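Visitor: I should like to go through this entry slowly, one feature at a time. Could you show it to me before I begin asking?

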Amino acid sequence: MSPVNGDDRYRSCPSWCQEPAGHLRPEPNGPGGYHTAEIALIDLPERDGIRGDPLELVVRIEQYVTHTTADPPVITLGSSDIDEPDREGLTADETEDLVGALQRAIATLRAGSSGAGFVV
Ligand SMILES: [Zn+2]
């Protein structure tokens, strides 16, 4: 057993992590792991003309850490499968920009007419 040399900061959980304490024990030169917090689970049902299959979206906070490094924590929006590779991680500031843009899109859509021939 080699002594622990200050790497504990990468193993101890940030305050927002919902995993059990001490869940991450990355090995030297081994793969890392994630601190995670699931913020919301959004069930989107099948909907004619919009989506053929039900979709489950999860909003999470994630931070990837290895034995010696810790990536900045990010907010992700994606499927409920945490191993899915195409999740996009955004910083808090970037997410704020995204939320603002989404709110503008909602306002634009709701303020406009439903469009010629479009029946809800
Ligand atoms: Zn953790």
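Visitor: How many helices and how many strands are there in the chain?

Guide: This is a predicted model, in which local features need pLDDT of at least 70 and side-chain atom pairs count only at pLDDT 80 or more, while totals for chains, interfaces and linings use all residues. Residues are numbered from 1 along each chain as its sequence is written. Helices (H or I, at least four residues) and strands (E, at least two) are taken as DSSP runs and numbered from the N terminus. On that basis, the chain follows the pattern β-β-β-β-α along the sequence, and the count is one helix and four strands.

Visitor: What is the mean pLDDT of the chain, and which element has the lowest confidence?

Guide: The predictor's confidence in each residue, from 0 to 100, is what pLDDT expresses; 78% of the residues reach 70 or more, and the mean of the chain is 83. Confidence is highest in α1, at 95, and lowest, at a mean of 88, in β4.

Visitor: Over which residues does pLDDT stay under 50?

Guide: Two residues are in contact if their C-beta atoms, placed from the backbone, lie within 7 Å, and for the stretch in question the model has zero contacts beyond four places in sequence. Where pLDDT is low, the predicted coordinates should not be read in detail. The stretch with pLDDT under 50 is residues 1-6.

Visitor: In what order do the strands form the sheet, and which are the edge strands?

Guide: Strands pair here if DSSP finds at least two bridges between them, and by that criterion four strands form an open sheet with antiparallel pairing, in the order β1-β2-β3-β4. Each edge strand pairs on one side only, and these are β1 (33-44) and β4 (88-90).

Visitor: How many bridges join β1 to β2, and which residue is the bridge partner of D43?

Guide: The two strands run antiparallel, with β2 covering residues 55-65, and 11 bridges join them. One of the pairs in this register sets T36 against E62 in β2. For D43, the bridge partner in β2 is E56.

Visitor: Which residue stands opposite V58, and which stands opposite L77?

Guide: Five bridges join β2 to the antiparallel strand β3 (residues 74-78), and there V58 stands opposite G78. Three bridges then join β3 to β4, again antiparallel, and the residue of β4 opposite L77 is E88.

Visitor: Why does Y64 count as partly exposed?

Guide: Y64 belongs to strand β2, where, apart from residues up to four places away in sequence, it touches G32, Y34 and D71. Its C-alpha atom is separated by 6.6 Å from that of H35, 29 residues apart along the chain. A residue is buried if 20 or more other C-beta atoms, placed from the backbone, lie within 10 Å of its own, exposed if 12 or fewer, and partly exposed in between. Y64 counts as partly exposed because its C-beta neighbours inside 10 Å number 18.

Visitor: Where is W16, and which residues is it in contact with beyond four places in sequence?

Guide: W16 has its place in the segment before β1, and it counts as exposed because it has 12 C-beta neighbours inside 10 Å. Its C-alpha atom is nevertheless 6.4 Å from that of A37, at 21 residues apart in sequence. Leaving aside neighbours within four places, the contacts of W16 are A37 and I61.

Visitor: What is the phi of N29?

Guide: N29 is likewise found in the segment before β1, and it counts as exposed, with 8 C-beta neighbours inside 10 Å. Most residues other than glycine have a negative phi. N29 is not a glycine, yet its phi is positive, at about 65°.

Visitor: How far apart are the end C-alpha atoms of helix α1?

Guide: The expected span of a helix is 1.5 Å times one less than its number of residues, so the 20 residues of α1 (residues 92-111) should span 28 Å. The helix is hardly covered, as the count of buried residues in it is zero. The end C-alpha atoms agree with the expected span, at 28 Å.

Visitor: What percentage of the residues of the chain count as buried?

Guide: Among contacts in the chain with a separation of 6 or more, residues 24 or more positions apart account for 32%. Of the 120 residues, the share that counts as buried is 7%.
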